[in-house]
Amino acid sequence: MNCLMIPLNGFLAHFIADHAFTNVYSDTLKDKNKLMTHILWSFFVILTFTFESLKSVAGIIAFFVLVSYHVGVDIYRSKKGTDFKKELAYLAGAFLINVVFFEVYIHSYISKEFVYYLIGMMFATSFGSFIERTFNIIDPQMKDTAGASERLAIYIFLSKFKAELVLVSIFAGLLYRFFFVKEKSKEWIFSPIYGVIVSSIWILFMNVVL
C-alpha cells in the first residue's frame, strides 16, 4: 500500500480537535475550566473518528496513545503558549502516531477518500485562520468566521470544478466584509488567494493519489 494512501483517521481527529472551532492562540485556553472543556471536546472528536478501531487491542492502544498525546499537547500549550513551528511539530507528531497504528483504521466506517477530503478542508479553512493569526494578518485573539466560511465555499466548489461559483464565493466574501466588517485589512486579499491555492493543490493531490 502506498504510504500516501494509508487511512489518516487519527491525524484528522487530532487536526479537527485542535484547529476546528478552536483558536490555539486564544488566552482562554490558559483558563483551567476552558482547557478542560477543550480536552473533553477533543476526547469526543477523537472517539468519533476512531471508535470502530476500539474493537481490537491494537485499536484501544492507538486510541489512548493519541488521546494522551493530544492532552499532553493541550496542557503544554496552555502553559508555554504556541507558535507556528510548534503547531507544525504537533501535527507531525499526530501524523507519526497515525502511521504507526494506521492498520487499525483500515476498516473504518469513514471512507479513506472522505478522510482525505476533510483533511484538505481543514487545511483550506481552519489552518488558514491559524496562519493569518500567526503572521498578524488578523488579530491572534479574534474569530475568523467570515474568512473560514469563504474558504470553505471555495474548497467545496473547486472540488466540483465549479470555477464560476468560486468567483461568486469570493465576491460574496468581499461584499460581506465591505458592508459588515468594514475595517479593511490584508485578510480581504489573503483569504481568497490562500483558499484557491491550498484547495487547488489538495484537490490535485487527491486526484493523483486516491
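## Salt bridges

Let's start with the charged pairs: this predicted model holds eight salt bridges. Side chains of opposite charge can pair when their charged atoms come close.

Take R77 and D18, whose side chains meet in a salt bridge with 2.7 Å from N to O. R77 sits in helix α3 (residues 57-80) and D18 in helix α1, so this pair ties together parts that are 59 residues apart in sequence. Are these two buried or exposed? R77 has a relative accessible area of 6%, so it counts as buried. D18 is buried too, with a relative accessible area of 1%.

## R177 and its two partners

Now look at R177, which turns up in more than one pair. The side chains of R177 and E150 meet in a salt bridge (2.8 Å, N to O). Since R177 lies in helix α8 and E150 in helix α7, the pair ties together parts that are 27 residues apart in sequence. Both R177 and E150 are buried.

R177 also forms a salt bridge with E187, and here the closest N and O atoms are 2.8 Å apart. E187 belongs to helix α9 and R177 to helix α8, so this pair ties together parts that are ten residues apart in sequence. E187 is buried, just as R177 is.

Which residues are joined into one network by salt bridges that share partners? They are D18, D74, R77 and E87, so we are back with the R77 and D18 pair, which ties α3 to α1.

## The largest pocket

Next come the empty spaces. Rolling a probe the size of a water molecule over the atoms shows where empty space is left.

The largest pocket has a volume of about 840 Å³. It is lined by 31 residues, and H19, A20, F21, T22 and S126 are the closest to its centre. Several helices share the job: α1 (9-19), α2 (32-50), α5 (112-124), α6 (126-134) and α7 (145-159) each supply at least two residues of the lining. Which helix gives the most? That would be α2, with five residues. Sorted by class, the lining has 14 nonpolar, 13 polar and four charged residues.

## The second largest pocket

The second largest pocket has a volume of about 300 Å³. Of its 17 lining residues, I138, M142, V181, S185 and E187 lie nearest the centre. You've already met E187 as a salt-bridge partner of R177.

Helices α7, α8 and α9 (187-209) each supply at least two residues of this lining, and α7 gives the largest share, four residues. By class, there are seven nonpolar, four polar and six charged residues in the lining.

## A closed cavity

How many cavities of 30 Å³ or more does the structure hold? Just one. The largest cavity has about 30 Å³ of space, and its lining is made up of F49, T50, F51, E52, S53, V104, Y105, S108 and Y109. By class, that lining has five nonpolar, three polar and one charged residues.

## A nonpolar patch on the surface

Finally, let's go to the outside. F171, L175, Y176, F178, F179, F180 and V181 make a nonpolar surface patch of about 770 Å². V181 is also among the residues nearest the centre of the second largest pocket.

One of the patch members, L175, is placed in helix α8 (residues 163-181). Its relative accessibility is 36%, so L175 counts as partly exposed.

Conventions: Residues are numbered from 1 along each chain as its sequence is written. This is a predicted model: local features need pLDDT of at least 70, side-chain atom pairs count only at pLDDT 80 or more; totals for chains, interfaces and linings use all residues. Side-chain values use heavy atoms; hydrogens and water are left out. Patches are made of residues with over 30% relative accessible area and no salt bridge: like charges are joined within 9 Å, nonpolar side chains (Val, Leu, Ile, Met, Phe, Trp, Tyr) within 5 Å. Accessible areas come from the Shrake-Rupley method with a 1.4 Å probe; for residues, only the protein chains shown count as cover. A salt bridge is a side-chain nitrogen of Lys or Arg within 4 Å of a carboxyl oxygen of Asp or Glu. Buried means under 20% relative accessible area, exposed over 50%, partly exposed in between (1.4 Å probe, protein chains only). On a 1 Å grid over the protein atoms alone, a cavity is a set of points where a 1.4 Å probe fits but cannot get out, and a pocket is an open set with protein on both sides within 12 Å along at least five of seven lines; lining residues have an atom within 4 Å of a point. Grid points are joined across faces, edges and corners, and a volume is the space filled by probe spheres set on the points. Ala, Val, Leu, Ile, Met, Phe, Trp, Tyr, Cys and Pro count as nonpolar, Asp, Glu, Lys and Arg as charged, and the others, Gly among them, as polar.
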